Amino acid sequence: MLSKLAVETFLKNQTQLFDEPVAETPEEAEEFLEDCMAEVLPDIKSVRRWLDEGGMDVSGLSDRDLLDAEEVFPLHDGTYLLVEA
């Protein structure tokens, strides 16, 4: 189960990853995130590992570059929501 912060952040910023909104309510956003097995990760090292394991070549990317990836949604509590599109 994802936190309220993760769901609300995705709902507000979903067009960073998708051309059109995929959810209109928090309930729809939570269901969508659960369906695509989104994860909240604690730190940038975990984000790097997640993207690398997903097939993205992250060897030459800075932490700032990683945060600019469409799949990465920084959360206000210092964690990161990762959404596989």
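**Note on the charged patch, the sheet and the salt bridges**

1. Glu24, Glu27, Glu28, Glu31, Glu34 and Asp35 together make up a negative patch on the surface. The model is a predicted one. One member of the patch, glutamate 31, belongs to helix 2, which covers residues 26-35. Patch members must have over 30% relative accessible area and take part in no salt bridge, so Glu31, like the others listed in the patch, is counted as free of such a contact.

2. The sheet is open and consists of 3 strands in the order 1-3-2, with antiparallel pairing. Strand 1 (39-41) and strand 2 (72-74) are its edges, each pairing on one side only. From one strand to the next, the twist averages 30°.

3. Strand 2 and strand 3 (residues 80-82) run antiparallel and are joined by 3 bridges. Which residue of strand 3 is the bridge partner of proline 74? The partner is tyrosine 80.

4. How many salt bridges does a search of the whole structure find? The search gives 3. A salt bridge is formed between the side chains of lysine 4 and glutamate 8, with an N to O distance of 3.9 Å. Both residues sit in helix 1 (residues 4-13), where lysine 4 and glutamate 8 are 4 residues apart, about one turn of the helix. The cut-off for such a contact is 4 Å.

Note on methods: Residues numbered from 1 in each chain as written. Predicted model: local features only at pLDDT ≥ 70, side-chain atom pairs only at ≥ 80, totals over all residues. Heavy atoms only, no water. Patch = residues over 30% accessible without salt bridge, like charges linked within 9 Å, V, L, I, M, F, W, Y side chains within 5 Å. Areas by Shrake-Rupley, 256 points an atom, 1.4 Å probe, with all protein chains shown as cover. Lys, Arg positive; Asp, Glu negative; His and termini not counted. Charge placed at Lys NZ, Arg CZ, Asp CG, Glu CD. Helix = DSSP H or I, 4+ residues; strand = E, 2+ residues; numbered from the N terminus. Pairing = 2+ DSSP bridges. Axes fitted to C-alpha atoms, helices over the stretch in contact; angles between N-to-C directions.
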